[in-house]
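Welcome, and please open the model in your viewer. We will walk through it stop by stop, selecting a few pieces at a time.

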Amino acid sequence: MERILLALHDALSIVFFPAEELEDVGESAKRDRSHIESTLKLKEEKPTDDYSGTILQRLRKIYHSSIKPLEQSYKYNELRQHEITDGEITSKPMVLFLGPWSVGKSTMINYLLGLDDTPYQLYTGAEPTTSEFTVIMHGPKLKTIEGIVMAADSTRSFSPLEKFGQNFLEKLIGIEVPHKLLERVTFVDTPGIIENRKQQERGYPFNDVCQWFIDRADLIFVVFDPTKLDVGLELEMLFRQLKGRESQIRIILNKADSLATQELMRVYGALFWSLAPLINVTEPPRVYVSSFWPLDYQADTHRELFLKEEISLLEDLNQVIENRLENKIAFIRQHAIRVRIHALLVDRYLQTYKDKMTFFSDGELVFKDIVEDPDKFYIFKSILAKTNVSKFDLPNREAYKDFFGINPINAFKLLAQQCSYMGGCLLEKIERAITHELPDLLGSIGLGKKPSILSCDTTGCGETPKNRYKKH
């Protein structure tokens, strides 16, 4: 009987643990990481200079002197819920990881940073493991920071998150790691999307929090598993929130070496089929197909293709890091354009209200009529006709019903009245920032260096705002 058991044990060992794996599973299974270090330039010693600090200080000054006054005067933050802090202006590029549960987001971060089998590694598993928004950033030593502490620290860019409540702050965690890559970028790992979970079960506004991070991310990785391609309501909502940020989105089909070639092609096609109705743009986002984890690719799979895809993704990440200043200036300029459009619209609502008011009019009824049907009063059409605002940049009409529901129209002044002898006019200052100051600052970066697609190509540095609506 004993000999039979020994023979059975040997047979099972041969089936489940081949001889070469029995020798040293840990050593032979790990993948070479030299391409990560070389592509991301982790071994390069870059001299510290004050150049980027000077550029960011100039950007901060332009924002505070030329953009923020108009933003505050017309309460733009209550329309878009996007308040820009000094910490956000000077922050490192942010890379956001989104996607369904257990698709390998945390594993991918561990792999990129080489945290596997170290005290720093993020917890991973086959079940939904990440229930928090985890911010991985640089620090002199390993340190965990509670969400309530991150929100209370005004020097960080996360203080505005306090508005989402204590339940959310308990689901926010920061991890400081002494890693070379984190000196130049910050990673954000998010809870996986679970389609059968209701929003209220999370205890905080999940979609609003995601929108906060999406608005600030320089690069957004949406990760998929070949076995989790179903598109449900939560994923549809996520892609609606990503609208307008297509240039920052990268789709990742992870765990690709778990499929045979023919099956992988079918899954790739199915992924595009599922996402096509959600991403309505001429040029679809870049899709990377590979397996982002430290173990070697499985046998008889497209190793060379997967490695090239991985290097291409790393080059994409490095480009975002290299173009940090250009992207930051473009982000502030895009914000300024939105603030200007909002101010022009509020000004038009107010002017229409004043024109329709008579001595016997009920002000509340008059303005309710304007807000309910702005097209009847040519609110939006007049902005398009008398300024050079694109119709694609106009905010949602419905948003102004909510905006004026909490902000009485009489609380605002006309743009023509927003001038002072010493300070000039608020509208002229923001137009000067959009037309001259920010493009000039962008042009001063790296002589001969071509700006990235996230700068002028997205926001249109050649555009010259003209306010032909202004009364003379």
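The tour below begins with the whole chain, then visits a sheet, a pair of helices and a single residue.

**Stop 1: the whole protein**

Keep everything displayed for a moment, and remember that this is a predicted model. Colour by secondary structure, and you have 21 helices and 10 strands to look through. The protein has 472 residues, and 48% of them are buried. Among contacts between residues at least 6 apart in sequence, 80% join residues at least 24 apart.

**Stop 2: the sheet**

Next, show the strands alone and look for an open sheet of eight strands. Reading across, the order is β3-β4-β2-β5-β1-β6-β7-β8, and the pairing is mixed. Which strands are the edge strands? Select 143–146 for β3 and 286–289 for β8: each of these pairs on one side only. As you rotate the view, note that neighbouring strands of this sheet are turned by 20 degrees against each other on average, direction ignored.

Now bring in helix α12 by selecting residues 206–216, which pack on the sheet. This helix touches β1 (94–98), β2, β5 and β6 (219–224). The direction of α12 makes about 145 degrees with that of β1.

**Stop 3: two paired strands**

Zoom in on β2, residues 133–138, and β5, residues 186–189. In which sense do strands β2 and β5 pair? They run antiparallel, and three bridges link them. For a close-up, pick V135, which has V188 of β5 standing opposite.

**Stop 4: two crossing helices**

Select residues 324–356 for helix α16 and residues 363–372 for helix α17. Their axes come within 10 Å and cross at roughly 135 degrees, so α16 and α17 are oblique to each other. The crossing is right-handed.

To see what makes the contact, show these side chains:

- from α16: Y349, T352, Y353 and K356
- from α17: G363, V366, F367, I370 and V371

Colouring by residue type gives six nonpolar, two polar and one charged in this contact.

**Stop 5: a residue in a loop**

Finally, select T124, in the loop between α8 (105–113) and β2. Is T124 buried or exposed? With a relative accessibility of 34%, T124 lies between the 20% and 50% cut-offs, so T124 counts as partly exposed. Add M108 to the selection and draw a line from C-alpha to C-alpha: T124 and M108 are 10.0 Å apart in space and 16 residues apart in sequence.

Note on methods:
Residues are numbered from 1 along each chain as its sequence is written. This is a predicted model: local features need pLDDT of at least 70, side-chain atom pairs count only at pLDDT 80 or more; totals for chains, interfaces and linings use all residues. Side-chain values use heavy atoms; hydrogens and water are left out. Two strands pair if DSSP finds at least two bridges between them. Helices (H or I, at least four residues) and strands (E, at least two) are DSSP runs, numbered from the N terminus. Axes are lines fitted to C-alpha atoms, for helices over the stretch in contact, and angles run from 0 to 180 degrees between N-to-C directions. Contact means heavy atoms within 4.5 Å. Angles under 35 degrees count as roughly parallel, over 145 as roughly antiparallel, 65 to 115 as roughly perpendicular and the rest as oblique. A crossing is left-handed if the near helix is turned anticlockwise from the far one by less than a right angle, and right-handed if clockwise. Ala, Val, Leu, Ile, Met, Phe, Trp, Tyr, Cys and Pro count as nonpolar, Asp, Glu, Lys and Arg as charged, and the others, Gly among them, as polar. Buried means under 20% relative accessible area, exposed over 50%, partly exposed in between (1.4 Å probe, protein chains only).
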